[in-house]
Amino acid sequence: MDVVEAIRKRRAVRNYTDRPIPDETLDHLLRLALRAPTGSGAQAWSILVVRDAERRAKVAEFVIDGGARYFREMRPWKDGVSEEEKAEWGRQTAEKLLPSYRNVPAWVFGLVVPRDNYPESMRAGGHEDDVISVAFAMENLFLAARAEGIGSVPTTAFQRFEKDRLREILGLPAEVDPVILTPLGYPESFPEGVAPAMQKTFRTWKTLVHDETWGNTRA
């Protein structure tokens with residue numbers, strides 16, 4: 001599969017089998033991920049791969065817990081719904097959508113690792129550069145994985161709720177930030193087209209491209 005096809009066919013995968021990823025395939029994907037651009041050449045990143053069965057199980061439960069809270073927080077609720085009812089709905093939704101995360105053969109974390117290469121006057125913006133650089137690397141990973149028939153789904157919200165719990169699972173020091181994670185595995189099947197839940201609100205490319213000045217879209 002060439003890069004154009006990989007871009008067009010990449011989708012968020014949430015149904016995984018337990019088929020293992022060969023070592024050489026995983027190494028190939030990781031090397032391609034780290035060919036991404038990096039702000040100021042700092043390589044203020046690392047990739048952490050979890051394949052140990054016990055640790056994978058802990059990560060899966062962590063992510064499913066985060067998903068339950070995310071779904072609860074994102075749903076617009078009517079007045080009068082109790083916190084217990086919201087939490088139960090979030091849990092049920094996570095268990096409906098994400099149970100195969102317990103099968104995933106590998107979890108990959110994109111980490112910001114501060115290199116202190118920016119002067120004080122640029123440090124705030126430098127951190128943004130580092131986060132963006134991790135995103136570049138993970139996008140390389142997602143596309144390279146799709147070309148190999150391997151699924152992924154970028155996750156940036158679930159881990160925000162309990163980063164200290166995640167740091168304990170992964171043995172991360174406080175200064176290392178797990179800004180993005182993904183399951184990595186062979187899917188039951190790859191989704192096609194726009195997800196049903198997004199079909200009414202999904203913006204076409206012509207509405208998002210502005211020529212010369214803001215508001216002059218292709219639509």
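User: Leaving aside its neighbours within four places in sequence, which residues is Q159 in contact with?

Analyst: In this predicted model, Q159 is in contact with F62, L166, P178, V179, I180 and L181, once its neighbours within four places in sequence are left aside. Q159 itself is placed in the loop between strand 3 (151–152) and helix 6 (163–170).

User: Why is Q159 called buried?

Analyst: The word buried is kept for residues under 20% relative accessible area, and because Q159 has a relative accessibility of 1%, it counts as buried.

User: What makes the approach of the Q159 side chain to P178 and to V179 a polar contact in each case?

Analyst: A polar contact needs a pair of N or O atoms within 3.5 Å, one able to donate a hydrogen and the other to accept it. The side chain of Q159 reaches the backbone oxygen of P178 at 3.4 Å, and a polar atom of that side chain lies 3.1 Å from the backbone oxygen of V179, so both distances fall within the 3.5 Å cut-off.

User: How do you know that W107 is buried, and where does it lie?

Analyst: W107 has its place in strand 2 (residues 106–112), and its relative accessible area is 0%; as buried means under 20%, W107 is therefore classed as buried. Not counting residues up to four places away in sequence, W107 touches L48, V49, V50, R56, V59, A60, V63, Y101, L181, T182 and P183. From C-alpha to C-alpha, W107 and D18 are 12 Å apart in space, while in sequence they are 89 residues apart.

User: Why are the buried residues of helix 2 said to line one face of the helix?

Analyst: The buried residues of helix 2 (23–33) are T25, L26, L29, L30 and A33. Seen down the axis of helix 2, these buried residues fall within an arc of 130 degrees, and so they line one face of the helix. An α-helix has 3.6 residues a turn, so residues three or four places apart point the same way. On the other side of helix 2, E24 and R31 are exposed, whereas the cover over its buried residues includes strand 1, helix 5 (123–147) and strand 4 (177–185).

User: Why is S40 called exposed but Q43 partly exposed?

Analyst: Exposed means over 50% relative accessible area, and partly exposed is the range between that value and the 20% limit for buried. S40, at 53%, therefore counts as exposed, while Q43, at 44%, therefore counts as partly exposed. S40 is in the loop between helix 2 and strand 1 (45–50), and Q43 lies in the loop between helix 2 and strand 1 as well.

User: What is noted about the phi angles of S40 and Q43?

Analyst: S40 has a positive phi of about 60 degrees although it is not a glycine, and for Q43, also a residue other than glycine, phi is near 50 degrees, a positive value.

User: What makes up the lining of the largest pocket, by class and by element?

Analyst: The largest pocket holds about 1200 Å³ of space and is lined by 30 residues, of which A12, R14, V153, A195 and M198 lie nearest its centre. Helix 1 (3–9), helix 3 (53–74) and helix 4 (83–97) are the elements that give two or more residues to this lining, with helix 3 supplying the largest share, 4 residues. Counted by class, the lining has 20 nonpolar, 4 polar and 6 charged residues.

Terms used:
Residues numbered from 1 in each chain as written. Predicted model: local features only at pLDDT ≥ 70, side-chain atom pairs only at ≥ 80, totals over all residues. Heavy atoms only, no water. 1 Å grid on protein atoms, 1.4 Å probe; cavity = no way out; pocket = protein on both sides within 12 Å on 5 of 7 lines; lining within 4 Å. Points joined across faces, edges and corners; volume = space filled by probe spheres on them. Nonpolar A, V, L, I, M, F, W, Y, C, P; charged D, E, K, R; others polar. Buried < 20%, exposed > 50% of the residue type's maximum accessible area, 1.4 Å probe, protein only. Contact = heavy atoms within 4.5 Å. Arc of directions from axis to C-beta.
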